[in-house]
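Let's take a walk through this protein together, starting with pairs of charges and ending with a few backbone oddities. Keep the picture open while you read.

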Amino acid sequence: MLGGPGTGKTLFLKELIVYLTENCNVDPAKILVLTFNRRSSKYLRDEIAVKADKTVPEIEVKTFYSFCLDFFKEHTPGSGFLEDIFFNNLNEIKILTAPEQWNLLTDIIMETDEKKIPVIKKLFLNKNTSENIVQEIFDYILRAQENFRKSSELFSKFNPYSNKMLYEINTIYAAFNSAMKDKNVFNYGKLLIDTFSMLNSDSNLKQRCRQKYEFIIVDELQELNSAQYSLLEEISDDNIIYFGDDDQSVYKFRGSNINIFFDVLESIPPERKIFLRNNYRNSYPVMEIIENFISKNSLRINKNSGHDNKDDFNRKNFKDMRGGEVIIKSFENRYEELNFIKSKILMLNRISGIPLNEIAIIMKGTDFENSLIENYFYQNSIPFFRRSSRSVANNRYSAYLLNICYLIIFLEKEKQNNDKAEEDKEKNGLNSKINSLTRNIFLSEFVNSDPVFFKETEFQYHKSASRKKYMNLYEYLEKNLKVIKKADEKNYLMISSFISAVDRHKKNLNKDAYTFARCLIEDDNFGLSKVIKNYGALSQNDKNLFSIFTNFLTSIRNFCSERESDNDIICYLDFIERFKSNQFIEETEEALAEGNDGNGVRMLSFYECKNFEFEAVFIPFLNKGYLPSLISKPQIYENDFLTFLVEGRFFNEEEIKHIHLENERRILYSGLSRCKNYLYITSGWGHLSSPFFTELAKILSEKKKTDEIIPGFPDSGFSLGELLKVSENSLVRKKAMTARYKADTGRKTDRTRYALLLNHLKSQYNPSTWWNIAAEKQNDLNPFEKDKNTGYFSFSAIDTYDDCPFKYKMKYFLKLRTEEENMSLRIGS
């Protein structure tokens, strides 16, 4: 079953199961559905249960890994092979998480004799390359396992003279396998290998497994790796139905092999291939652009996705659509780019009536870009929601709680260092961390100390620190409470209560992490309990962030419940640091709780967005080096090795670059194809735009004129052409100012045109929604009054109003000056 995005593959899969169970009387227990990840598995399981009117356990919908795990548990030891690889108690199978594998790897590197791995040891001990080399080894092991490559086999290909680095990495791989065997633990790669080995070595077991399933349905064929496909060949008997799309293969970095897709497709006779060609998701202009974009890949199946008849599609569907547009635009800087995105979202929501949760911003999972856009939205009160492993650990509620945990631990460690007379260098590093944590905590919204008073106190500390009277800022506060009390009674009460609370909780460090965290949250001196009590008064964004915070607490509880020991707060923080500092995003994201994300703009990565669709999609920051990402030597090294494993030969640099470019194009295509009607692609570095941005802009310029492509906004009393000009022209405010100047000086001006130029301000910030907040006097400065004697239309006034109506009112109506205009408020004046 082959089809592009929006052609109904998932719907077809659900209907197929209904057909098999109801029309063909197939026992639901004889149908196995295998998916690529847990999120897809959960979604399909629930959807199929509803569609087929079956309970969830009746139909097996599993990931490959959960299938292997259940297979192990189902078959009791009996053959000598099982006893060799299994524990005595099958219910105690231990699967290492990615962070646990990372910890095991670092332990092995540290314990291995430097003479055996001199190059790796040198890179590992260098703080600038330590994480990179562990990541390389981590990837090597996963890729080797997924391609059924044993360390003994690879030793024959890599020797210490021809390829010293790969030889040393393979040495770690061998030690890693031995460690897992000694500890009786598995990772997912080993789980796949051992399941395959069990079936391959026992013909009776294989036959029983084949008889168990009448139909095996595999979703996302394009994401399979070699081990998964080999396992399929063992459990199937010419009874597999594949669903897939080669253009949406985006998990190459996790070992997926696109060649498997083409091999399967070639092996299936024509009468067993079904091509789903009609696109039911994308509007015609969106579909034309994204299909032209992906067609530039050479390694792909041309699916000719489209609509039955373009003119008929326009007649039938455009009248029912809210409207749509495709804009590809470059900006001089990121601020202008973000301002454009903000304005478009407000127009889509307030003019076109599109709910915010039908708008998505799809980005790469980089912390800088994510933080940039989140902070901008938060400052501009645009509700948004991002649920990912990074957002769980980094939202401000979680970050604040972690800061308190770190502060308590570092203070205790600092005390122990003083007792042990550690080196000054280590002490200084620890005290620097304590200073930073103390500053962040006391200046946070939760403690809410007077920032001017705290900065003055910090200044006094630095004067004292120069004479080495105090080890750190926290110690200064602790030993100068009497001085603080004389200076400011209110701040004294807050600081002294906080210090007393910290001393109390130091005694709880031996408790499990969840109990420790709950004690901190319930302590009024730390401020989080106030947030919980006032939850109803929080803004939508704060509620979204707090929802993620509850997931964070759940992750702590799960961490503790999975471990009988090593589950205190110190162990948990070490676990957090591991996944924050490397690429374990997918595993942790899949484990996150699904829930109602509320009415906020969705922020997703290109990997998270699969299986979703939205009315409007923004692809920001399409700059040079972002997509496609630049190929650096470590990437070439990794791809080079993967190519060797899969193809049995090394590709040259040009071939690697070509493969990389096509894979990056698929990633961007996956995000673009989530869009139904409104597509916005932006770049914020001017001439430093991505090659993909240039390609898309060229494709759009070769299509019809914008007015013909865009179906149109709903009737708002203004012509479509004028509304589009207003929404797209970055100089609209200056034009409005010029028109106002002409009107004031008696020159000829078109007042209708003038009103249209200001329409986008009025549409985004309707005066009726805020004008009556302050009722001290009648408003004489409404910018939408036509009478020149009552309007106020300087460019700065209009700019202020566009930025924030309430700020405009404060400045031009209530005549209140900003901090910048009150020089006496500046510190030091």
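## A buried charge in a helix

In this predicted model, E168 is buried, because its relative accessible area is just 1% and anything under 20% gets that label. So who keeps E168 company? E168 makes a salt bridge with K164, and their closest N and O atoms are 3.9 Å apart. Both residues sit in helix α9, four residues from each other, which is about one turn of the helix. K164 itself is partly exposed, at 38% relative accessibility.

Why do such pairs turn up at all? Side chains of opposite charge can pair when their charged atoms come close.

## Salt bridges across the sequence

The structure holds 26 salt bridges, and some of them link parts that lie well apart in sequence. Take R272 and D238, whose closest N and O atoms are 3.3 Å apart. R272 belongs to the loop between α13 (258–267) and β6 (275–276), while D238 belongs to the loop between α12 (226–235) and β5 (240–242), so their bridge ties together parts 34 residues apart in sequence. Both R272 and D238 are exposed.

K676 and E613 form another salt bridge, with 3.7 Å between the closest N and O atoms. Here K676 is in strand β12 (residues 675–683) and E613 is in the loop between β10 (601–605) and β11 (614–619), so this pair ties together parts 63 residues apart in sequence. E613 is partly exposed, with a relative accessible area of 37%. You can also look for a network of salt bridges, which links E60, K62, D70 and K212.

## Charges on the surface

Which residues form a negative surface patch? They are E22, D27, D53, E58 and E214. Zoom in on E58 and you'll find it in the loop between α2 (38–52) and β3 (60–63). E58 is partly exposed, at 33% relative accessible area.

## The whole protein

Now step back. The protein has 39 helices and twelve strands, and 52% of its 829 residues count as buried. Its accessible surface comes to about 39,700 Å², with 49% of that belonging to carbon and sulfur atoms.

What about contacts along the chain? Among those between residues at least 6 apart in sequence, 75% join residues at least 24 apart.

## Backbone oddities

First, a bit of background: most residues other than glycine have a negative phi, and most peptide bonds are trans. Now for some spots that break the habit. A cis peptide bond joins L627 and P628, with omega at about 0 degrees. You'll find P628 in the loop between β11 and α30 (633–647).

F621 also lies in the loop between β11 and α30. Its phi is positive, near 60 degrees, even though F621 is not a glycine. Is F621 buried or exposed? It counts as buried, at 0% relative accessibility. S381 has a positive phi too, about 55 degrees, and is not a glycine either. S381 sits in the loop between α17 (367–379) and β9 (384–385), and it is exposed, with a relative accessible area of 61%.

## One last loop

Finally, have a look at S156, in the loop between α8 (151–155) and α9 (164–183). S156 counts as exposed, at 62% relative accessibility. Its C-alpha atom is 9.5 Å from that of Y167, which is eleven residues away along the chain.

Technical notes
Residues numbered from 1 in each chain as written. Predicted model: local features only at pLDDT ≥ 70, side-chain atom pairs only at ≥ 80, totals over all residues. Heavy atoms only, no water. Patch = residues over 30% accessible without salt bridge, like charges linked within 9 Å, V, L, I, M, F, W, Y side chains within 5 Å. Areas by Shrake-Rupley, 256 points an atom, 1.4 Å probe, with all protein chains shown as cover. Salt bridge = Lys/Arg side-chain N within 4 Å of Asp/Glu carboxyl O. Lys, Arg positive; Asp, Glu negative; His and termini not counted. Charge placed at Lys NZ, Arg CZ, Asp CG, Glu CD. Helix = DSSP H or I, 4+ residues; strand = E, 2+ residues; numbered from the N terminus. Buried < 20%, exposed > 50% of the residue type's maximum accessible area, 1.4 Å probe, protein only. Contact = heavy atoms within 4.5 Å.
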